[in-house]
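Open the model in your viewer and keep the selection panel at hand. The stops below go from a single side chain to a sheet.

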Amino acid sequence: MLLLPKDVLEKLEFTKVIDLLVKECYGELGKEAARNLPFETDRKRIERLLTEVSELKRSMEQNDRVPMGPYEDIEGDLKFLDIEDYVLDLEGIQRIGAILRLTQEIFEFFNANRQPIYPALSELIQPLQYEAGLIEEIDRVLDDHGQVRPDASPRLAKIRSSIGAKQKELDKQFRFLANDYQKKGWLTDNVESFRNGRRVLSVPAEHKRKIRGIIHDESATGKTAFIEPEPIIDINNDIFDLYNEERREIYKILKDLCTVLRPFIPQIREYAGLLIALDVIQAKARLAFDMRGQMPKVINKPHFSIQMAFHPLLYVKNKQLGRETVPFDLVLNGKNRVLVLSGPNAGGKSITMKSIGLLQLMVQAGLLVPMDEISEMGIFHEIFADIGDQQSLEDDLSTYSSRLENMRNFLEKAGPRSLIVIDEFGSGTDPQIGGAIAEAILHELNTKMIFGVITTHYSNLKIFAFKTEGLVNGSMLFDKEQLAPTYQLRIGRPGSSYAFEIAQKSGLSKEVLHYAKKRTGRNEKAVDELLVDLQQEKLELEEKLSQNKDREAQLEKLIRNYDQLHRDLEFKRKRLKLDEKELELSKAAQENRALNQLVKELRQQKDVEKASARIKELKQEQVQLSEQVEEVKKEIYEEPQFAPSKGKPVEVGEYVRLRTGGATGVVEAIQKKKATVLMGDMRMTIQLRDLQVVKEPLKIASTRSVGTDTVDAASKFENKLDIRGMRMEEALKKIEEFVDKALISNAQSLKILHGKGTGALKSLVRNKLKEYKAVQSISHPEEEFGGDGITLVELH
């Protein structure tokens, strides 16, 4: 990713965020990795980094912490270990042991039960194979304090046992001699001391010839001699020899241990890399915990849809001081890419502008950011910033010249994937000329389709933003009554500098202000006021146009639903009539059978004329009933029910459905008057007259059909809707479709899951439901069942 100028990270205060991150790391290698975080431009990679931090943050919140602690750099130890027959010192083995032990705890943490809970973190260890035998070998040699165990080998155990026995013998003999010589008055008050690693007696110079032994040292004054008595010389020599044997045995043990570890140097290096990665991730998680960081949705293009965001450093500072931080919302997309931000000094313009650049850097570095989780952040390949005093004594550039140098670089290297933030655009020279140059630069940058946030006080830039597509005005609101900034961002209208009001509050005399106002004239203020009014009217018209489009779409949808319901109702009315006629025909058939029985009886009674008359009468009634049934069938099967299939025969490859309703299928083959239709996983052979052509499967809920093969669509309606994580526009569309289907399906109770968050989705749901007259009540369940995160709806 390209960053300009070279101090852009300092200007956007990203380095201060890194300083906070470094403090959260356990190891020096983790701190070094945190200082050199790369900026990613691949969406999947960014999402992966953010997910890892989000999972670790969740483990902290649930008090299910990933094992992590201090560790040291072992790269130097591994390089020496890689040399054949090289023996690491005890400290090197201790450092490697600490890495192996911490790695073991991490592998044990990510067991089969936790891997589904933390999938992204679990993938970090999946490529690795933990060698449990390594730490077992080290624990066999070293104790809990990192020292060689007495039983590390049988020979070492025997040597240390001998040393213990000799020490006891030495102590016993030494105490005996010391008591004897002390009684004779040959020792000083200190009695004993150590010299050259030997236990010696403190003997006054006048008695040193009375004690046989070796003089190891004398005091600075020469009044005291330190003598090793002759009876314990041999014992000390034996102990000295045993210590030498111990050192040789320990060297042999460590050499054998290094031989065991040497083949696993690549694995140990991977374990160290895993610890560094987890150290940085846990540091990010702890920082996010302090900053109230969340994972936004990442969009693979330049884009901003920020909800309830804070400047990270300002939030942390105010949190420590017990102050409230005012959040801001910002949406920049293809229609409005550049925000021209105006308003009073000390009103929050620069903080908001810096926040955009800093939050973008943090996201692309894999850091969670303080904003609502429904926010969306795009990806940029270049980030440029022009902030503060750019004066350079080394390059012999004034502040304005330096800023123009930045603008030249921006114009040369900016493109559709660039994010540019500029503070006090055009300042540093004559306002009229500076404003004109700034407008020309802004025009050129806009043609390059860049994204950005620019702060200014110049009216010509506000007017240019109003007239130019791709630019949008914004302002920091100001409390005129209290003459104090509110730090609230408002998109869609420019802001006034309120210079006279602030000057009056600061204590400037009325005479000075009156003179200044006369010199300024009315035009400057009139332009600001006119621009605000025009911007407001423009916003109102755009809002009304958007509302009309939404209503038109909703009306068209309702008309389609009404037409479909009307056709279905007409079809069912005729089908009901057919069922009634067929029932009458069935009854007539039963009566006919009864009549045949009667005729048989009459013939037996020789009353043939009466029987013939009755048979003729019943046959005539049956013919009339059959004709009525055929007429109803003709109405149902020959009249098209859907406009798309009017007058069109069924053909192979078309979508069809049964006239009685039900699922939609595709015609695979036609043989005479029958068609083979694929419906889902089922293949059916159906009479052509029972099918009707449809353009595509209808997405409205069907009411109940008279036919026994009809699938009751109303029973398929799901009375639960989940809109968590959706954008406002997407959520609104889903709510409309959900409620429409509920009304068509005659549903009584609905449940909408929107989450708690900032309450924005909850308010959207409530406001939308109020538009429906069929809504009887809106409520929320008990806290233990979701509370304010769920809205319950009862319909008439």
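Select Ser122 and Tyr118 in this predicted model. A polar atom of the Ser122 side chain lies 2.7 Å from the backbone oxygen of Tyr118. Ser122 belongs to helix 7, which covers residues 119–125.

Is Ser122 buried or exposed? Ser122 has a relative accessible area of 1%, and it counts as buried because that value is under 20%. Now show what surrounds it. Leaving aside residues up to four places away in sequence, Ser122 touches Phe110, Arg114 and Gln115. Add Phe107 to the selection: it is 15 residues from Ser122 along the chain, and the two C-alpha atoms are 9.1 Å apart.

Next, move to the sheet. It is open and has seven strands, in the order 1-11-12-13-9-14-15, with mixed pairing. At its edges are strand 1 (2–4) and strand 15 (484–491), each of which pairs on one side only. From one strand to the next, the twist averages 15 degrees.

Select residues 399–413 for helix 14, which packs on this sheet. Helix 14 touches strand 1, strand 11 (382–386) and strand 12, and its direction is at about 160 degrees to that of strand 11.

Then colour residues 418–422 and residues 451–455, which are strand 12 and strand 13. Four bridges join these two strands in the parallel sense. Which residue of strand 13 stands opposite Val421? That residue is Val453.

For the last stop, select residues 459–467, helix 16. Helix 16 lies across strand 9 (336–342) and strand 14 (470–479), and runs at about 130 degrees to strand 14.

Notes: Residues numbered from 1 in each chain as written. Predicted model: local features only at pLDDT ≥ 70, side-chain atom pairs only at ≥ 80, totals over all residues. Heavy atoms only, no water. Pairing = 2+ DSSP bridges. Axes fitted to C-alpha atoms, helices over the stretch in contact; angles between N-to-C directions. Contact = heavy atoms within 4.5 Å. Buried < 20%, exposed > 50% of the residue type's maximum accessible area, 1.4 Å probe, protein only. Polar contact = N/O pair within 3.5 Å; in protein donor to acceptor, adjacent residues only side chain to side chain.
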